[in-house]
Amino acid sequence: MLKYSLKRGVISLLTIWVIITITFFLMHSIPGDPFTDQKKIPPEIMANLEAKYGLDKPLIVQYGIYLKNLLQGDLGDSMKYKSRSVTSILTTGFPVSAKLGVVSAVVGAGLGVVGGIIAALNRGKKFDYFIIILAVIGVSVPSFVFAALFQYWFGNKLGWFPVARWGTIAHYVLPVMALGFSMVAYIARMMRTSMLDVLGQDYIKTAKAKGLSQSSIIIKHTIRNAILPIITILGALIAGVVVGSFVIESIFAIPGIGKYYVQSIQQNDYTLILGTTVFYSTILVVMMYVIDIVYGLVDPRIKLDK
């Protein structure tokens, strides 16, 4: 386990480095710079700005400086948000995105797993068909469509929940529904398929022949084996909702990190683009690393060292 964990840790670090490198050079290949929209800037001021942010140096030198600062925990200062560091921007927006994402992940994963289990145990019945239809809709329709529909029906028409802003528990409901709906549908469909596959295995038939109760077979044998494929994809799904959804945050006017990420790309804010990319990629890679380790702990038959 230790050898495997160290190996996966090294691979994770290399993955983050590759993402940073690709992002850095692609970002600088985009036409324009952070100051092109500022009209009538005297040449001497432009030269001072470029010198301040190191844009007057060769690209490879800028890359080396950025990696050096990054290793020291310095993400730099934003080129558009004056007197604000990238770290301060991330610490301001991420807690909001994280709260929304964690709630959405818990609701989505919980309802998805339970729905898939119930659908598999009631194969061919009404609830099973309901889950199948729900899964098709959830996977096919983008989350921002659900967001608009939820705002219209539950916000404007019925007036049950606020349609925008952030602050109270009521503000969580519609964004969580929109962000978690696809997750519920995807996990429910996978859990249903996995459950049906496990229920048809010989060891389940043997357990029934030995006289084990239905509940014991389902809890001790079926669910534990059926949930392994869900664990595999859960890391990416949770990371995706925890770091926030750019579109959902924009639709509901949520002051999360997604707003800054979109604006940084629109404004060519190099340091903020890199900072948010490093932040997002690190969370995703760490989640995948944790899932790999948990995968082996859940199923002792998996020999991670091999």
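For the classes used below, Ala, Val, Leu, Ile, Met, Phe, Trp, Tyr, Cys and Pro count as nonpolar, Asp, Glu, Lys and Arg as charged, and the others, Gly among them, as polar. The model toured here is predicted.

**The second largest pocket**

Begin by selecting Gly9, Ser12, Leu13, Ile16, Trp17, Ile20, Leu70, Val278, Thr282, Val285, Val286 and Tyr289, which line the second largest pocket. Its volume is about 170 Å³. Colouring this lining by class shows nine nonpolar residues, three polar residues and no charged ones. Next, display the helices as ribbons: α1 (2-29) and α13 each contribute at least two residues to the lining. The largest share, six residues, is supplied by α1.

**Threonine 276 in helix α13**

Move along to helix α13, which covers residues 270-298, and select threonine 276 within that helix. Is threonine 276 buried or exposed? Its relative accessibility is 0%, so threonine 276 counts as buried. Show its side chain and the backbone of leucine 272: the threonine 276 side chain reaches the backbone oxygen of leucine 272 at 2.7 Å. Then add Leu90, Ile257, Tyr261 and Ser264, the residues in contact with threonine 276 once neighbours within four places in sequence are set aside.

**Phenylalanine 246 in helix α11**

Keep Tyr261 on display, since this residue appears again at the next stop. Select phenylalanine 246, which belongs to helix α11 (residues 246-251). Because its relative accessible area is 32%, phenylalanine 246 is partly exposed. Which residues is phenylalanine 246 in contact with, leaving aside its neighbours within four places in sequence? They are Gly258, Tyr261, Val262 and Tyr280. Tyr261 is thus listed as a contact of threonine 276 and also of phenylalanine 246. Now pick the C-alpha atoms of phenylalanine 246 and phenylalanine 144: they are separated by 9.9 Å, although the two residues are 102 residues apart along the chain.

**Spans annotated in the record**

Finally, colour the chain by the UniProt annotation. The unreviewed entry lists "transmembrane region" for residues 12-30, 100-122, 129-154, 169-188, 226-252 and 272-298. Two of these spans may be examined in turn. Select residues 12-30: the span is 95% helix and 0% strand, with its end C-alpha atoms 28 Å apart. Then select residues 169-188, where the chain is 95% helix and 0% strand and the end C-alpha atoms lie 26 Å apart.

Definitions and conventions
Residues numbered from 1 in each chain as written. Predicted model: local features only at pLDDT ≥ 70, side-chain atom pairs only at ≥ 80, totals over all residues. Heavy atoms only, no water. Helix = DSSP H or I, 4+ residues; strand = E, 2+ residues; numbered from the N terminus. Buried < 20%, exposed > 50% of the residue type's maximum accessible area, 1.4 Å probe, protein only. Polar contact = N/O pair within 3.5 Å; in protein donor to acceptor, adjacent residues only side chain to side chain. Contact = heavy atoms within 4.5 Å. 1 Å grid on protein atoms, 1.4 Å probe; cavity = no way out; pocket = protein on both sides within 12 Å on 5 of 7 lines; lining within 4 Å. Points joined across faces, edges and corners; volume = space filled by probe spheres on them. UniProt positions renumbered as here; feature names shortened; annotations may be inferred.
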